[in-house]
Amino acid sequence: MKTLEDFNFENKKALIRVDFNVPLDGDFNVTDTNRIEAAKPTIIKVLEDGGSAVLMSHLGRPKGEINPDLSLAHICKTVSEVLGVQVKFVSDCTGAEAEAAVEKMAMGEVLLLENLRFHSEETSGDKNFAEELSKLGDIYVNDAFGTAHRAHASTTVVAQFFPGNKCFGYLLAKEIDAIEKVMQTGEKPVLAILGGAKVSSKITIIENILDKVDHLIIGGGMTYTFVKAKGGKVGDSICEDDKMDLALEILKKADDKGVTVHIPVDVIAADDFSNDAQTQITGSDAIPEGWQGLDAGPETLENFKSVILQCKTILWNGPVGVFEMENFAKGTIAVGDAIDEATQNGAFSLVGGGDSVAAVKQFGFENKVSYVSTGGGAMLESLEGKTLPGIAAIIDG
Ligand code: AMP
């Protein structure tokens, strides 16, 4: 498998799939430049080698139709500012106009193509469309982890037209490296902290991860399905009764595999799903009727902290409480603080998948963990043990 470092882009045009699916305000200003900044090192490497960069991305979900509100023209100025290079724009991503614009490019230049998803062939993974895209570069670079789990034309299918001339960008390589550290090469003990609302959405991850970890912390809404399955009283807490057998099976499997599972022993119970609700600390298996557990309790947080500080590789997916409400965010913050401390002590910590990143950013943990994944769905699928099509397409040579 080739990396970006194996290529010298001098006099070459790199066709780079980036993830510039950035948020825009009502005046079409980019409100968060993170994704553009994340792709910058790859683009700069191409330019510094003496090559030029053709950037392709999607923005929003135009569903195969031209939608001026979702034109990448809106972000061209911001991309220019972030890169420190005047970026040119072409109003279609394939066809004569795009080919002419690429033809005219001088080395050192950057060209941004219009939104790929203005063509339905992008998401359907159309081979002819992918071949059209392939005419726009000499070397294909995939740096869009956020769409690596999609077998779309620009993320996967296009790669077959670049045999021997394709690689991951730095961002995608970093994501793969971080996942490998947790799933394969990480220093032991390895810990996964799985929170969030429901067992059903995390079940494949839990099953896959049991082979990789020494400790598993279960938190958030998932807690109550496990506690009730073991005979506890969970009051009005979120609970998937039809998943209780599965919860018991997971606990049995974990036991067989020598994985220590840590489930909250106490919780902050509330008399309403509201920030202003009355609260009390109860045992996680003794929640009165009319009350629901919305955050981890103090004894639980002490337990979690001591496990986190013992571990050398830590994956965090999902909040351990309803972090969107200030009064039930303390558990999630305490977990973040403990991961921060473990990371300072030399542990490798990865946060990713679904909405975990939102919680991490909200509480300022972004720079305190080793790595924050840029792809929600792609990270979830990786943790489920799936090979992402966008990654396979590069590895396949
Ligand atoms: P997920 O996308 O599966 O990671 O779930 C994240 C959501 O889980 C967040 O919106 C949290 O508010 C929610 N959550 C966490 N703990 C609880 C809980 N005890 N009860 C209900 N929802 C919860």
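His215 is found in strand β8, which covers residues 215-218, and in this predicted model the residue is buried, with a relative accessible area of 11%. Its side chain is joined to the side chain of His262 by a polar contact of 2.9 Å. Leaving aside residues up to four places away in sequence, His215 touches a set of residues that includes Pro189, Val190, Leu191 and Ala192, and also Val259, Thr260 and His262. The remaining residues that His215 touches under that condition are Val307, Gln310 and Cys311. His215 counts as buried because its relative accessible area of 11% falls under the 20% that sets the limit for that word.

Pro189, one of the residues touched by His215, leads to a feature of the backbone. The peptide bond that joins Lys188 and Pro189 is cis, with omega at about -5°. Pro189 itself lies in the loop between helix α6, residues 170-185, and strand β7, residues 190-194.

Two other loop residues deserve a look for their backbone angles. Phe28 is found in the loop between β1 (13-17) and α1 (34-49), and its phi is near 65°, a positive value in a residue other than glycine. Lys63 lies in the loop between β2 (52-56) and α2 (76-83), and there phi is near 55°, again a positive value in a residue other than glycine. How exposed is Phe28, given its relative accessible area? Phe28 is partly exposed, at 29%, whereas Lys63 counts as exposed, with 72% relative accessibility. The two residues receive these labels because exposed means over 50% relative accessible area, buried means under 20%, and partly exposed covers what is in between.

The ligand offers another way into the structure. It is surrounded by 16 residues, and the closest of them are Ala197, Lys202, Gly293, Gly321 and Glu324. The residues of this shell divide into 6 nonpolar, 7 polar and 3 charged. An oxygen atom of the ligand is 3.1 Å from a polar backbone atom of Ala197, and an oxygen atom of the ligand is also 3.1 Å from an N or O atom in the side chain of Lys202. At Gly293 the partner on the ligand is a nitrogen atom, which lies 2.9 Å from a backbone N or O atom of that residue. Taken alone, the ligand exposes 500 Å², and the protein buries 83% of that area.

Helix α13, residues 376-383, contains Ala378, which counts as buried at 0% relative accessibility. Not counting residues up to four places away in sequence, Ala378 touches Phe145, Gly146, His149 and Leu388. The C-alpha atoms of Ala378 and Glu175 are separated by 9.9 Å, although these two residues are 203 residues apart along the chain.

The cysteines complete this walk through the model. A disulfide is a covalent bond between the sulfur atoms of two cysteines. How many disulfides does a search of the whole structure find? The search finds 0. Cys93 is in no disulfide, and the nearest cysteine sulfur, that of Cys76, is 15 Å away. That pair does not qualify because the sulfur atoms of a disulfide must be within 2.5 Å. Cys93 is buried, with a relative accessible area of 0%, whereas Cys239 is partly exposed, with a relative accessible area of 23%.

Note on methods:
Residues numbered from 1 in each chain as written. Predicted model: local features only at pLDDT ≥ 70, side-chain atom pairs only at ≥ 80, totals over all residues. Heavy atoms only, no water. Buried < 20%, exposed > 50% of the residue type's maximum accessible area, 1.4 Å probe, protein only. Near = heavy atom within 4 Å. Polar contact = N/O pair within 3.5 Å; in protein donor to acceptor, adjacent residues only side chain to side chain. Areas by Shrake-Rupley, 256 points an atom, 1.4 Å probe, with all protein chains shown as cover. Nonpolar A, V, L, I, M, F, W, Y, C, P; charged D, E, K, R; others polar. Helix = DSSP H or I, 4+ residues; strand = E, 2+ residues; numbered from the N terminus. Contact = heavy atoms within 4.5 Å.
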